[in-house]
Amino acid sequence: MADLDAAIGFVVAHGDPVDRARLSWLRSGSVPSVEVLDKAEVGQARDGGWPALWTSDVASVDATCFRLAELDDLGALNRPAARRALAWLASRQRADGCWEEDESLAPVAPSWAQPGDPEARLYLTGNAAFWLAVAGPDPSPDGAPAGRHYAGPSAEDNEHAERLALAGAVVRDSLAPDGSWPSFLAAGWLGAAVLFHLGWFYEAARIQVILAERVPDMTAADTAWMASALRRIGVADDDFLLTAARHRLAETQRTDGGWSSDDGEAFDVHTTLAAIRAVR
């Protein structure tokens, strides 16, 4: 089993105030200070999205999803900044049900976010739809924090139900007969999460079977992201894929208590927080 105490110690030792606030929320639901929340929300564009590190002024679907993940760890998806971001994501869905980055980002976007690329399109569709599914409707009139996070509303209650249905159809129709998908590994677990949320359990399970076969070779970062996403959408803790993921996280935990990011040391704390969410 993963050593949670060591993981907590790693975040405390190496994280910034926002990281430590995320840890407190994940451990006990402690509401962050206004200063921490304001810092976590900084840089939001006027249209509601957040620009990526590789661009300074154009909001990015991928970057906005990443920021929503951080805000989720602070219990802040009901605050105005997150609600604006979710509304922006919803507005960015194309008529065919997909999401894609702005064409102006093509010269600087990485492969997983490249406008016009079908693999990137499927990945971004799963990622954006995942956050619309998780966040659901705003339960409070002013967008203030409303208690501990939950697995998300039912598909029928979600204010983005029609958009989610379109996105789910895109994911479902992309699957090959063996359950594989024509995109990056992350598109698999994000797509499975969206299908699970929509009640397409058989289609989600087909993806999960393939993901389970891949777990022994997954990086720590991929394993943590996959497991935390599936748990967040409501997949049972004793699910076979989540069980395999917990074993993989135990194998890949470092002696200092942390888990390595695929994007360099600067993101190790983020990966460790995702692992904590996955195994706590």
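**Close-up views of a predicted model**

**View 1. The largest pocket and the residues around its centre.** The largest pocket in this structure has a volume of about 1500 Å³. Its lining is made up of 46 residues, and those closest to the pocket centre are Phe66, Trp225, Asp263, Phe267 and His270. Please keep in mind as you look around that this is a predicted model.

**View 2. The helices that line the largest pocket.** Which helix gives the most to the lining? That is H4, with 8 residues. Helix H4 covers residues 61-72, and it is one of several helices that each supply at least two lining residues. Among the others are helix H2 (17-28), helix H3 (34-40) and helix H6 (118-135). Further along the chain, helix H8 (185-197), helix H10 (220-233) and helix H12 (268-279) also supply at least two residues each. Sorted by class, the lining of this pocket holds 26 nonpolar, 14 charged and 6 polar residues.

**View 3. Phe130 and Trp131, an aromatic pair.** The structure has 6 aromatic pairs. In the one shown here, the ring centres of Phe130 and Trp131 are 5.0 Å apart and the ring planes stand at 90 degrees, so this pair is edge-to-face. The cut-off for that label is an angle over 60 degrees. Are these two residues buried or exposed? Phe130 is buried, with a relative accessible area of 3%, and Trp131 counts as buried too, at 6%.

**View 4. Phe196 and Phe201, another edge-to-face pair.** Here the ring planes of Phe196 and Phe201 are at 70 degrees and the ring centres lie 5.1 Å apart, so the pair is edge-to-face. Phe196 is partly exposed, with a relative accessible area of 23%. Phe201 is partly exposed as well, at 48% relative accessibility.

**View 5. An aromatic cluster, and an arginine over a ring.** Four residues, Tyr123, Phe184, Trp189 and Trp225, form one aromatic cluster. You may recognise Trp225 from the first view, where it was listed among the residues closest to the centre of the largest pocket. Elsewhere, look for Arg172, which lies over the face of Trp200. The distance from Arg172 to the centre of that ring is 4.4 Å.

**View 6. Cys65 and Cys98, two cysteines without a disulfide.** How many disulfides does the structure hold? The count is 0. For Cys65, the nearest cysteine sulfur is that of Cys98, 14 Å away. A disulfide needs two cysteine sulfur atoms within 2.5 Å, so a separation of 14 Å does not qualify. Cys65 is buried, with a relative accessible area of 1%. Cys98 is also in no disulfide, and its nearest cysteine sulfur is that of Cys65. Cys98 is buried as well, with a relative accessible area of 8%.

**View 7. Met1 and Ala250, the chain start and a partner in space.** Met1 lies in the segment before helix H1 (4-14). With a relative accessible area of 96%, Met1 is exposed. Along the chain, Met1 and Ala250 are 249 residues apart, yet their C-alpha atoms are separated by 5.2 Å.

**View 8. Val31 and Val215, a pair to compare.** Val31 is found in the loop between H2 and H3. This residue is exposed, with a relative accessible area of 60%. In sequence, Val31 and Val215 are 184 residues apart, and in space they are 34 Å apart, C-alpha to C-alpha.

Terms used. Residues are numbered from 1 along each chain as its sequence is written. This is a predicted model: local features need pLDDT of at least 70, side-chain atom pairs count only at pLDDT 80 or more; totals for chains, interfaces and linings use all residues. Side-chain values use heavy atoms; hydrogens and water are left out. On a 1 Å grid over the protein atoms alone, a cavity is a set of points where a 1.4 Å probe fits but cannot get out, and a pocket is an open set with protein on both sides within 12 Å along at least five of seven lines; lining residues have an atom within 4 Å of a point. Grid points are joined across faces, edges and corners, and a volume is the space filled by probe spheres set on the points. Helices (H or I, at least four residues) and strands (E, at least two) are DSSP runs, numbered from the N terminus. Ala, Val, Leu, Ile, Met, Phe, Trp, Tyr, Cys and Pro count as nonpolar, Asp, Glu, Lys and Arg as charged, and the others, Gly among them, as polar. Rings of Phe, Tyr and Trp (its six-membered ring) pair if their centres lie within 6.5 Å; planes under 30 degrees apart count as stacked, over 60 as edge-to-face and the rest as tilted. Buried means under 20% relative accessible area, exposed over 50%, partly exposed in between (1.4 Å probe, protein chains only). A charge sits over a ring if NZ of Lys or CZ of Arg is within 6 Å of the ring centre and within 35 degrees of the ring normal.
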